[in-house]
Amino acid sequence: MQKVPLIELPEFVRNVTAMLAMDRHNTKAVVLGLRGELGAGKTTFVQQLARQMGVREVVQSPTYVLMKKYALPDGLNPMGQKRRFKNLVHIDAYRLENPKEFAALKPAEFLDDPSNLVVVEWPERLGSALPKADLNLSFSADGAGEQERYIEVI
Ligand SMILES: Nc1ncnc2c1ncn2[C@@H]1O[C@H](COP(=O)(O)OP(=O)(O)O)[C@@H](O)[C@H]1O
Ligand SMILES: [Mg+2]
């Protein structure tokens, strides 16, 4: 478990992105699960991740739409490496009431594409509809100051 002050979040996100980009032999999308209570910092993490990947749109929590997909620009990232992913898919399953709502998104279409990075808030609510995540992060505000969060790679 690591204490991450908000100002150090960009560096933390860069480290996680580097871990995710390492697996180049995956045949399906790379899945990142973000766990933790409301307000723990999951959406803020995705916003920082999107910015680093070159997304210029404002990334809002897809709580009501369940999923948002962002096309990532090609070319080199700020570290001068070729971009590993073509799309960032952001899912927030917080309000999911019925697994059929997720099935309606035709998840196989984006989960089968190895050039997608799929980031899921509340992955536990999707149950077996979501393949096992390649990496999970657990966020917590418990015992942390207002400007910091605990984040654990699990
Ligand atoms: N690493 C962090 N350090 C300090 N505050 C944070 C951090 N991450 C998020 N926050 C703050 O916590 C609040 C809620 O975060 P949010 O990302 O919406 O949570 P969640 O998506 O888990 O419900 C925001 O006001 C945000 O600025
Ligand atoms: Mg959120």
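**View 1. Helices and strands along the predicted chain.** Helices (H or I, at least four residues) and strands (E, at least two) here are DSSP runs, numbered from the N terminus. With that in hand, the predicted model reads β-α-β-α-β-β-α-α-β-β-β along the sequence of the protein chain. That makes four helices and seven strands. The radius of gyration is 15 Å, close to the 15 Å that the globule rule gives for 154 residues, so the chain is as compact as a globular protein of that length. Put a box around the C-alpha atoms, along the principal axes, and it comes to roughly 40 × 40 × 25 Å. Of the 154 residues, 24% count as buried. Look at contacts with a separation of 6 or more, and residues 24 or more positions apart account for 70% of them.

**View 2. How confident the predictor is.** The protein chain averages a pLDDT of 91, and 95% of the residues score at least 70. Strand β6 (residues 135–140) has the highest confidence, at a mean of 98, while helix α3 (residues 99–103) has the lowest, at 87.

**View 3. The shell around ligand 1.** Ligand 1 has 17 residues around it, and the ones that come nearest are Leu 6, Gly 41, Lys 42, Thr 43 and Thr 44. By type, the shell splits into seven nonpolar, six polar and four charged residues. At least two shell residues come from each of β1 (2–5), α2 (42–52) and β7 (148–153). The largest share belongs to α2, which puts in three.

**View 4. Helix α2 and its packing.** Here's α2 again, this time from the side of its buried residues: Lys 42, Phe 45, Val 46, Gln 48, Leu 49 and Ala 50. Those residues pack against α1, β2, β3, β4, β5 and β6. Lys 42 thus turns up twice, as a buried residue of α2 and among the residues that come nearest to ligand 1. Just after the helix, Gly 54 takes a positive phi of about 95°.

**View 5. The largest nonpolar core.** This core has 24 residues, and the ones with the most contacts inside it are Val 31, Leu 34, Leu 49, Leu 117, Val 118, Val 119 and Val 120. At least two core residues come from each of β2 (30–35), α2, β4 (87–92), β5 (116–121) and β6. Zoom in on Val 120: neighbours within four places in sequence aside, Val 120 is in contact with Val 31, Gly 33, Leu 34, Ile 91, Ala 93, Leu 126 and Leu 130.

**View 6. Arg 14 and Leu 49.** Arg 14 is found in helix α1 (residues 9–22). Arg 14 counts as partly exposed because it has 16 C-beta neighbours inside 10 Å, and the buried class starts at 20. Leu 49 is one of the buried residues of α2. The two are 35 residues apart in sequence, yet their C-alpha atoms are 7.8 Å apart in space.

**View 7. Glu 57 in its loop.** Glu 57 sits in the loop between α2 and β3 (67–71). With 9 C-beta neighbours inside 10 Å, Glu 57 counts as exposed, since that class takes in residues with 12 or fewer. For a sense of distance, take His 25, which is 32 residues from Glu 57 along the chain: the two C-alpha atoms are separated by 29 Å.

Technical notes: Residues are numbered from 1 along each chain as its sequence is written. Chains are lettered from A and ligands numbered from 1 in the order in which they are written. This is a predicted model: local features need pLDDT of at least 70, side-chain atom pairs count only at pLDDT 80 or more; totals for chains, interfaces and linings use all residues. pLDDT is the predictor's confidence in each residue, from 0 to 100. A residue is near a molecule or strand if its C-beta atom, placed from the backbone, lies within 6 Å of it. Ala, Val, Leu, Ile, Met, Phe, Trp, Tyr, Cys and Pro count as nonpolar, Asp, Glu, Lys and Arg as charged, and the others, Gly among them, as polar. A nonpolar core is a set of buried Ala, Val, Leu, Ile, Met, Phe, Trp, Tyr and Cys residues joined through C-beta atoms within 7 Å. Two residues are in contact if their C-beta atoms, placed from the backbone, lie within 7 Å. The radius of gyration is taken over C-alpha atoms; the globule rule is 2.2 Å times the number of residues to the power 0.38.
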